[in-house]
Amino acid sequence: MVAERGRLAENIVIFARSLRVAGLKIGPAAVADAVAAVAAGGLSRREDFFWILHSSFVRRREDSAVFREAFELFWRHRGLLQGLTGMTAAVPEIEPSAEEFARSQKPRRRVADAFAAEARGQQQKIETEYDMRETQSADEVLRTKDFAEMTAAEIDEARKAVARLVLPDDRVRKRRHMAAAKGRRIDMRATMRGAPGAGGAMRLKWQAPRVEAPPLVAILDISGSMSDYSRMMLHFLHALSQRREVHTFLFGTRFSNVTRALSRKDVDAALAACAAQVPDWSGGTRIASALHTFNRYWSRRVLGRGAVVLLVTDGLERDETAHLGFEMDRLGRSCRRLIWLNPLLRYDGFEARAAGIKAMLPHVDDFRTVHNLAAITDICRALAGDAPASAAA
Amino acid sequence: MASIPASIDEASALLADHGYIADRSLATVLFLSLRLQRPLFLEGEAGVGKTEIAKVLAEGLGRRLIRLQCYEGLDVSSALYEWNYAAQMIEIRLAEASGIDDRDRLSDDVFAEKFLIRRPLLEALSPDERGAPILLIDELDRTDAAFEAFLLEVLSDFQVTIPEIGVVKASEPPIVVITSNRTREVHDALKRRCLYHWLDYPDAEREQAILKSRQPGIPETLTRAIVSFVQALRQEDLFKAPGIAETLDWAAALSELDAVTLEPSLVADTLGVLLKYQDDIVRMSEGETARILQGIGGQKRKA
């Protein structure tokens, strides 16, 4: 019995490691908790076992679906579930509700990847591809893409890239004040509140202006020529939107606002919602008319409060270059900072020869590339207001 | 003192009596807001008469209008209450001089009601002999999300908490009108507590009626021409289409210039009253305005 329990503890540790690969945040303390909880709760019923582990490992609602998937895969594989079923006569099946089931479909790929990695052995590192072009799968060719099917390795890479992001100076001072030890303004309210307690003695309390990251507005080109990059950018924006206010717009031949879709916590669900909302993946592009739509209908709604605009496009506009210059000018003057991210910039000796690029270039504050993760890190530097990196770095 | 309208028609008439020509949808939502005692959340382009509703309502119902203009950095001390620190300090000095060393009593003395400076929100929750006041929270989109969150308590329970005094609750909830120019999205949690209405540009008929009631001195033909021109202008591809406020300004300007008919040159000279962006003014060059004027003339002949 003791040996069996030891084996179970070991399995829980491996299970936790797999969950971690699948994207759950699990520390060693949670694993210890889980082992203790299973010891306390017993193994008599499969459902109990599920919820005991659930209580120890799942800390956020959106992780629940991933956990459920992982639980089924892992413990069925080890024959434990059948064993448990044999032990009790009537075991209630854990039937996920329709909604939960729909959500659980997306984590499947991630979970499956996590277990594949575990099967290959713990020493084997997940290979990471730095050029996004090479991590594209075959179904990318489809016109209506399923973004949700991103592999765990890619997600992991994106997360790591985002975790590395430091946005040190991208802060603007707000008019609102907050308590601060070394402020400039006396906080009379706090000072007076403290006075009676101190027998009437005034001990000055201070205030300083609050600093905040300004909102970020991303306008993404999702036409055919940009298809390799838009997915990664969406991942990047999703991660970014967890920390600050981000408005995301996509355009090909049409213009859509996907901010709400992207605001879902689970990245798979968010990208699936985006894919469902946008009809024109990998089609043609009309940059001038897209910018016109943005300027006319959205700029006043999202560009207040010192917003920074990230415009992601290759600038390959076939016609309407005269309009393009006009709309870019308008956009550039409506925001605090306009950063143009162009994947073409990665080619050595890139020159702004296309008429569209020439028309757009004079109006941007910063011009960067987005072809790989290193470049995404570069964007963060751009946001922080550093000087542009040398072209095609 | 006028009473709260008992029907949609009465609500509509109440507004019309004070020079606000509302369409049926607005009258309906206003009636419901008064009846259900729910805040009215008005969103729309600048200059379509959002703020005006609150003013007209205050006038029509004979209530006091309390206005809270929102801006970035608006905080509790300018929206809700503030203590009169100078007077409080004197109180503390006096207490020291007279040798009071009871801390609880000192605290009670210092945070007494007489040292409280009431700001608009607290003012709106206080009883008024003319009935519950109209609280206008203007341009809510200009302030930040933190202030919106603070408003939730005020708008759902009509009460606020002052740490030194306790909970202040309105005996009769104020009539709340919130406006937003939609320079950002206001959070759903706040909208959920309100009745929402999108205030659009008026149609030609209603705009004419508004112009007539606000600028009665202008000849009928000119009024019609002004309204047709502005309506046509809104169809053009402009960065900022003119609102009703601009129409009224323009009518006043034209009447000052003793205009009888709309001439292309006169329109070009006064276009700055209607359009506030250089791009738009350039786009509406003299040729363009002449084209629109011709279009209006053609319509009239057909009609």
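Select Ile137(B) to start, and look across to Ile178(B), which stands opposite it in β8(B). Keep in mind throughout that what you have open is a predicted model. Now widen the selection to residues 134-138 and 175-180 of chain B, and you have strands β5 and β8, which run parallel and are joined by four bridges.

**The sheet of chain B**

Next, show the whole sheet to which these strands belong: five strands of chain B form an open sheet with parallel pairing, and their order across the sheet is β2-β5-β8-β1-β9. Which strands are at the edges, pairing on one side only? Colour residues 65-69 and 195-199 of chain B to find them, since these are β2 and β9, the edge strands. If you turn the view, you can follow how neighbouring strands of this sheet are turned against each other by 20° on average, with direction ignored.

**Two helices across that sheet**

Add residues 24-36 of chain B, which make up helix α2; this helix lies across β1 (40-44), β8 and β9 of chain B, and runs at about 155° to β9(B). Then add residues 50-61 of chain B, helix α3, which lies across β1, β2, β5, β8 and β9 of chain B and runs at about 165° to β5(B).

**Two residues with a positive phi**

From helix α2 of chain B, move on to the loop between α2 and β1 of that chain, and select Gln37(B) there. Gln37(B) is not a glycine, and yet it has a positive phi of about 55°. Is Gln37(B) buried, exposed or partly exposed? There are 15 other C-beta atoms within 10 Å of it, so Gln37(B) is partly exposed, because the buried class begins at 20 such atoms and the exposed class ends at 12.

A second residue of this kind is Arg182(B), which you will find in the loop between β8 and α9 (188-191) of chain B. Arg182(B) has a positive phi of about 60° although it is not a glycine, and with 16 C-beta neighbours inside 10 Å it counts as partly exposed.

**Where the chains meet**

Now display both chains together, and look at the place where 21 residues of chain B are in contact with 17 residues of chain A. On the side of chain B that touches chain A, select α5 (85-97) and α6 (103-110), each of which supplies at least two residues. The largest share of that side, five residues, comes from α5(B). If you colour the residues of this side of chain B by character, they divide into seven nonpolar, five polar and nine charged.

**The sheet of chain A**

Hide chain B and turn to chain A, where six strands form an open sheet in the order β6-β5-β4-β7-β8-β9, this time with mixed pairing. The edge strands here are β6 (255-257) and β9 (366-368) of chain A, and each of them pairs on one side only. From one strand to the next, the twist averages 20°.

Inside this sheet, select residues 216-221 of chain A, which are strand β4; five bridges join this strand to β7(A), and the two run parallel. Which residue of β7(A) is the bridge partner of Ala218(A)? Selecting Leu310(A) will show you that partner. Bring in α13(A) as well, which lies across β4, β5 (246-251) and β6 of chain A and runs at about 165° to β5(A).

**Two helices with a buried face**

Select residues 321-334 of chain A, helix α14, and compare its ends: at 1.5 Å a residue its 14 residues should span 20 Å, and its end C-alpha atoms are 20 Å apart, which agrees. Highlight Leu324(A), Glu327(A), Met328(A) and Leu331(A), which are buried. Why do they line one face of the helix? Look down the axis of α14(A), and you will see that its buried residues fall within an arc of 105°, so they line one face. Among the elements that cover these buried residues are α13 (287-302), β7 (308-312), β8 (337-341) and α15 (355-360) of chain A. The face turned away from the buried side of α14(A) carries the exposed residues Ala322(A) and Arg333(A).

For the last stop, select residues 28-41 of chain A, helix α2, in which Ala30(A), Val31(A) and Ala34(A) are buried. Seen down the axis of α2(A), its buried residues fall within an arc of 100°, so they line one face of this helix. On the other side of α2(A), Pro28(A), Ala29(A) and Ala40(A) are exposed.

Key
Residues are numbered from 1 along each chain as its sequence is written. Chains are lettered from A and ligands numbered from 1 in the order in which they are written. This is a predicted model: local features need pLDDT of at least 70, side-chain atom pairs count only at pLDDT 80 or more; totals for chains, interfaces and linings use all residues. Two residues are in contact if their C-beta atoms, placed from the backbone, lie within 7 Å. Ala, Val, Leu, Ile, Met, Phe, Trp, Tyr, Cys and Pro count as nonpolar, Asp, Glu, Lys and Arg as charged, and the others, Gly among them, as polar. Two strands pair if DSSP finds at least two bridges between them. Axes are lines fitted to C-alpha atoms, for helices over the stretch in contact, and angles run from 0 to 180 degrees between N-to-C directions. The arc is that of the directions from the helix axis to the C-beta atoms. The expected span of a helix is 1.5 Å times one less than its number of residues.
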